[in-house]
Amino acid sequence: MKSAGALIFTMVCIVYLFLPMLVRGISPFLAASITAVVTVTVSLSLIGGLNRKTLAAILGTFFGVVIAGISAAVFGYFANISGYNVSNIEALLFVGQNTKIDIGGLLFAGVLIATLGAVMDIAMDIAAAVSEVHDKTPQLTRRQLFESGMNVGRDIMGTMATTLILAFTGSSLGILVLNYVYDLPYRQVLNSNSMGIEIMQGISGSLGVVFTVPMVAVMAALFF
């Protein structure tokens, strides 16, 4: 029931908090950040309760999402990818002319939203693992708790990064099929806007997951 409540709350935040902020002209990146803070805080508190474990997971999630956002912005800058490279930009530009929505910032706001779930998942996994280890063996030092969190995190981060890549691949499956059927040169495919966006999302999301692991392990070791 708590998990269902967290899911419903997340959907409510997207529909009644994130989207209205966009329509009012607030920066999509800022709107996504505010939505992430509210969603993570309430969802993890509902699921894990108000305790040290949840606090470590929340702080780690914030850190991972920030890393993902920064890496996406840096990658987009050097790869010349902006919010105007998306496939349905014509329809979005029409919407932008009739509303206050900043169309150019939607792409990077979407990276934050897409990464949030995976980062939040791995943060709670590690915090819960360290909490359980501490409860069973309270005599462990902070260093030993940190090492336990890192050991668990190493096993999780590989599969979680793959999960992100597969999720982004599934969302762009139609484009991949078209590229394969028309037998386009690899250089042309890799330099296309759509492929560049998918690579950016995969790399930034994976970096967010990878850097969340040590952050949560440190926080949990200190708190416990």
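The exercises below, each with a worked solution, concern a predicted model.

**Exercise 1. Salt bridges**

Task: Find how many salt bridges there are, which residues form them, and how the partners are placed in their helices.

Solution.
- Step 1. The cut-off is 4 Å between a side-chain nitrogen of Lys or Arg and a carboxyl oxygen of Asp or Glu. By this rule the count is 2.
- Step 2. Lys136 and Glu132 join their side chains in a salt bridge, with 2.5 Å from N to O. In the salt bridge of Arg143 and Glu147, the N to O distance is 3.4 Å.
- Step 3. Helix H5 (residues 106-136) holds both Lys136 and Glu132, which are 4 residues apart, or about one turn of the helix. Arg143 and Glu147 are about one helical turn apart, because they lie 4 residues from each other in helix H6 (residues 142-171).
- Step 4. Lys136 has a relative accessible area of 58% and is exposed, while Glu132, at 42%, is partly exposed. Arg143 is exposed at 63%, and Glu147 is partly exposed at 36%.

**Exercise 2. An aromatic pair**

Task: State which residues form the aromatic pair and whether they are buried or exposed.

Solution.
- Step 1. Searching the whole structure gives 1 aromatic pair. Its members are Tyr77 and Phe78, with 5.2 Å centre to centre.
- Step 2. The planes of Tyr77 and Phe78 are 85° apart. An angle over 60 degrees counts as edge-to-face, so this pair is edge-to-face.
- Step 3. The relative accessible area of Tyr77 is 65%, and that of Phe78 is 67%. The cut-off for exposed is over 50%, so Tyr77 and Phe78 both count as exposed.

**Exercise 3. Two residues in helices**

Task: For Phe75 and Thr212, name the helix, decide between buried and partly exposed, and list the contacts beyond four places in sequence.

Solution.
- Step 1. Phe75 belongs to helix H3 (residues 52-78). Thr212 belongs to helix H9 (residues 193-223).
- Step 2. Buried means under 20% relative accessible area. Phe75 has 24%, so Phe75 is partly exposed. Thr212 has 0%, so Thr212 is buried.
- Step 3. With residues up to four places away left out, Phe75 touches Ile81, Gly196, Ile199, Met200 and Ile203. Phe75 and Ile199 are 124 residues apart along the chain, yet their C-alpha atoms are separated by 9.3 Å.
- Step 4. With neighbours within four places in sequence set aside, Thr212 contacts Gly60, Gly64, Val119, Ile122 and Ala123. In addition, the Thr212 side chain comes to 2.5 Å from the backbone oxygen of Gly208.

**Exercise 4. A surface patch and a loop residue**

Task: Give the members of the nonpolar surface patch, then describe where Asp183 lies and what its phi is near.

Solution.
- Step 1. The nonpolar patch on the surface is formed by Leu173, Val177, Leu178, Tyr180, Val181 and Tyr182. Together these residues have about 720 Å² of accessible area.
- Step 2. One of the patch residues, Leu178, lies in helix H7 (residues 173-181).
- Step 3. Asp183 is in the loop that runs between H7 and helix H8 (186-190). Asp183 has 65% relative accessibility, so Asp183 counts as exposed.
- Step 4. The phi of Asp183 is near 55°, which is a positive value in a residue other than glycine.

Note on methods:
Residues numbered from 1 in each chain as written. Predicted model: local features only at pLDDT ≥ 70, side-chain atom pairs only at ≥ 80, totals over all residues. Heavy atoms only, no water. Phe/Tyr/Trp six-rings, centres within 6.5 Å; stacked < 30°, edge-to-face > 60°. Buried < 20%, exposed > 50% of the residue type's maximum accessible area, 1.4 Å probe, protein only. Patch = residues over 30% accessible without salt bridge, like charges linked within 9 Å, V, L, I, M, F, W, Y side chains within 5 Å. Areas by Shrake-Rupley, 256 points an atom, 1.4 Å probe, with all protein chains shown as cover. Contact = heavy atoms within 4.5 Å. Polar contact = N/O pair within 3.5 Å; in protein donor to acceptor, adjacent residues only side chain to side chain.
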